[in-house]
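This briefing goes through the structure shown below, from whole chains to single residues. Please keep the sequence at hand while reading.

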Amino acid sequence: SDLGRGQGQILRFKLFDSQVDEGFWWRLSSLKLDVLGLDQSPVNVTGFFAPCSHPRVSQRLSLLAESLPEVSGEQSASSDPAHGNRNRCPVPGILYNTNTLESFHALDKKNLLKMEAEKILLDISSGKVEEECSSLLRFLVISFADLKKWTFHYWFAFPALVLNPPATLVSLQPASEVFSTEETDSLTTACNEWRSSSLTADVPFFLVSIANNSRATIRPLRDWKSCQGDGQKLLYGFYDPSHIMSNPGWPLRNFLAFICLRWKIEKVRFFCYREKHGMADLGSSLVGEASVSAPQDWTERRSAPQATGWEPNASGKLTCRTVNLKESMDPVSLAVAAA
Amino acid sequence: MVLTQKLHETFKGTVERITGPRTVSAFKEKGVLSVSEFVIAGDNLVSKCPTWSWEAGEPKKRKPYLPPDKQFLVTRNVPCLRRAISVEEEYEAAGGEVLLDNDENDGWLATHGKPKETQPNEEETIPSMESLAINSEGPIRSISTYFGGAEEEDIPDMASYGDPDNLLDVDPATLQPTYFVAQEPEEDNILRTRTYDVSITYDKYYQTPRVWLTGYDESRMPLQPELVLEDVSQDHAHKTVTIEDHPHLPGKHASVHPCRHGAVMKKIIDVLMSRGVEPEVDKYLFLFLKFVASVIPTIEYDYTMDFDIGSSSH
């Protein structure tokens, strides 16, 4: 069909959508009161996401209670209950929670974003990404928890390395239109197997190789070398939270940077993996080709990379969001409601 | 009302403490589930409908009679494109038949508010849809979230802080919403919709599953439980749907009260058996979700239609 859709255009990515569960704020409040006190050191948090599973709604990057360490101090018996949960792929993040609204606004946002982008670049060049690919999705949250008013101000950033010149789009189509029926069936089976094994279910970046006999296999990034040659087709796959048919989601951005920096590839065939009802759906998944060139100064590490990724608020402004949980957290409100 | 509810909760807690969990199956006789049957049915739901998963929940709220990593079931980010309340109004206006027919025409579930197959955009009566697209014409209507709405004056105007960080550099590779609304086909618009996290817990007193709703508004902010009632069939809103503490999560959540679950499930099982279908206990949650669909008709979580409910004797 429309093979040429977007040909030569700048490839545009749909930003992650953040969502914060009430449980996160409950746990942050206890952490602040019982453990952190006035300490404003950054806290490691874990965000969770999954591939898109509904044709009208993108998946979010969510913070839940489990995103923060447990307050009680008692190490939970089950070491890592979230691991292997296909609907909760963990993503490393960092939280800067300030003590006052003034210090919240005084945070040097540009620099914080740059610091995270540098970590991503370091993980790319050190090879860490091949072992822990979710580090490509590293994110940042700044917050001010006003515990007197049960009000939380917060702002997410999803740092992306800015390629200059930006990647351009050669083609983009639904995967089912690109592959033959045999290839589609084989890839669907392979994806469903990858997603149902607890070892791989939450691994969001992978390699798709399709042999001449139409047989598709999915391999971890570290198998890249052994995927070379043999004349098979090689695609770079990722869990795509975006539901939009015209644009890939945010994870592809740093993935492309990784592919061109680490593996020196300039024409990248990518696979935006999406699901329907929890099963691989190649009708809504996308296959595209991007043309990428790695900036010279990155590889020579002469300058820090440019980064982007602060999330706009609900009205599209680049500013923080605010949630007031007085109704559900304030003991006085609760008592009044129960009376 | 609230007092009686509280008294009942206390009573229920006492009974739960002194009675052991059901271990013998009364699935077909009473429509109830033992703890181990709940885990079996939950495992089956997770394997057939993988958007559901088991979770551990808050460690402090852990129930000793359930496996630590299988405390409750959850499916997240489920869209709810239309308000149940407005769907029902349409239905009544059309002289509404309130039986839910499926393909086999066996309307065994009497229900209100089967969603009509219309494009949501056409409905002017649905409030949430007005803020649908991030549209270039005019500002987006402010979406009032309950949390925060009441005390708006207390919240400093963030815009007054300006943009000292100069984050507004236009990045050419970031998809700008106006870009695709203006130029791309309609299906690619970003739809703003309420979403739900739907969870299923085990109620030891009633020996049935119990469903909980955690809502998010169009801007992904927590939805006050009272507003969740707009997405509940009006037969159930304020009656069987109550707002209570979640057994495994912090905060108040809307829940379908389980007092009639056993009886309803028994009825469904009887209808199936009268047709020669032998219901299997591991399919319990598929049946249960059919029943729940009559309570929350516009939350799009249910796709269990395709599965056989039991072994047919035909």
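Of the 339 residues in chain A, 60% are buried. The model is a predicted one, and the points below take up confidence, the make-up of the two chains, two helices, one buried threonine, the cysteines and some backbone features.

**Confidence in chain A**

- Chain A has a mean pLDDT of 90, and 91% of its residues reach 70 or more.
- In residues 75-79 of chain A, however, the pLDDT falls below 50, and this stretch has one contact in the model beyond its near neighbours in sequence.
- Where pLDDT is low, predicted coordinates should not be read in detail.

**Chain A as a whole**

- The secondary structure of chain A consists of ten helices and 16 strands.
- Among the contacts in chain A that have a separation of 6 or more, 76% are between residues 24 or more positions apart.
- Chain A has an accessible surface of about 13,100 Å², and carbon and sulfur atoms account for 51% of that area.

**Chain B as a whole**

- Chain B contains nine helices and ten strands, and 52% of its 314 residues are buried.
- Of the contacts in chain B between residues at least 6 apart in sequence, 67% link residues that are at least 24 apart.
- The exposed surface of chain B is about 14,500 Å², with 53% of it supplied by carbon and sulfur atoms.

**Helix H1 of chain A**

- Helix H1 of chain A covers residues 22-36, and because each residue should add 1.5 Å, its 15 residues are expected to span 21 Å, which agrees with the 19 Å between its end C-alpha atoms.
- At the N-terminal end of H1(A), Asp21(A) acts as a cap, with a side-chain oxygen 2.8 Å from the backbone nitrogen of Gly23(A).
- After H1(A) comes Gly37(A), which has a positive phi near 60 degrees.
- The buried residues of H1(A) include the hydrophobic-looking names a reader may search for in the sequence, among them Phe24(A), Trp25(A), Leu28(A), Leu31(A) and Leu36(A), but also Glu22(A), Arg27(A) and Lys32(A).

**Helix H3 of chain B**

- Helix H3 of chain B, residues 35-48, has 14 residues and reaches 20 Å from its first C-alpha to its last, close to the 20 Å expected at 1.5 Å a residue.
- Buried in H3(B) are Val35(B), Glu37(B), Phe38(B), Val39(B), Ala41(B), Gly42(B), Asn44(B) and Leu45(B).
- The cover over these buried residues of H3(B) includes helices H2 (27-30) and H9 (284-295), together with strands E1 (53-55), E2 (72-80), E5 (194-203) and E6 (208-216) of chain B.
- In an α-helix there are 3.6 residues a turn, so residues three or four places apart point the same way.

**Thr75 of chain B**

- Thr75(B) belongs to strand E2 of chain B, and it counts as buried because its relative accessibility is 4%, under the 20% cut-off.
- Leaving aside residues up to four places away in sequence, Thr75(B) touches Thr51(B), Trp52(B), Tyr196(B), Asp197(B), Val198(B) and Tyr301(B).
- One of these residues, Tyr196(B), is 121 residues from Thr75(B) in sequence, while the two C-alpha atoms are 8.4 Å apart in space.
- A polar atom of the Thr75(B) side chain lies 3.2 Å from the backbone oxygen of Thr51(B).

**Cysteines**

- Over all chains, the count of disulfides comes to zero.
- Cys52(A), at 3% relative accessibility, counts as buried, whereas Cys259(B) is partly exposed, with a relative accessible area of 41%.

**Backbone features in loops**

- The peptide bond that runs from Asn164(A) to Pro165(A) is cis, with omega near 5 degrees, and Pro165(A) sits in the loop between strand E6 (151-161) and strand E7 (168-174) of chain A.
- Lys264(A), a residue other than glycine, has a positive phi near 55 degrees, and its place is the loop between helix H7 (251-262) and strand E11 (267-273) of chain A.
- Lys264(A) counts as exposed because its relative accessibility is 61%, over the 50% cut-off.
- Gln207(B), also not a glycine, has a positive phi of about 55 degrees, and it is found in the loop between E5 and E6 of chain B.
- Gln207(B) is buried, with a relative accessible area of 18%.

Key:
Residues are numbered from 1 along each chain as its sequence is written. Chains are lettered from A and ligands numbered from 1 in the order in which they are written. This is a predicted model: local features need pLDDT of at least 70, side-chain atom pairs count only at pLDDT 80 or more; totals for chains, interfaces and linings use all residues. Side-chain values use heavy atoms; hydrogens and water are left out. Helices (H or I, at least four residues) and strands (E, at least two) are DSSP runs, numbered from the N terminus. The expected span of a helix is 1.5 Å times one less than its number of residues. Buried means under 20% relative accessible area, exposed over 50%, partly exposed in between (1.4 Å probe, protein chains only). A polar contact is a pair of N or O atoms within 3.5 Å; within protein, one must be able to donate a hydrogen and the other to accept it, and residues adjacent in sequence count only if both atoms are side-chain atoms. Contact means heavy atoms within 4.5 Å. Accessible areas come from the Shrake-Rupley method with a 1.4 Å probe; for residues, only the protein chains shown count as cover. A disulfide is a pair of cysteine sulfur atoms within 2.5 Å. pLDDT is the predictor's confidence in each residue, from 0 to 100.
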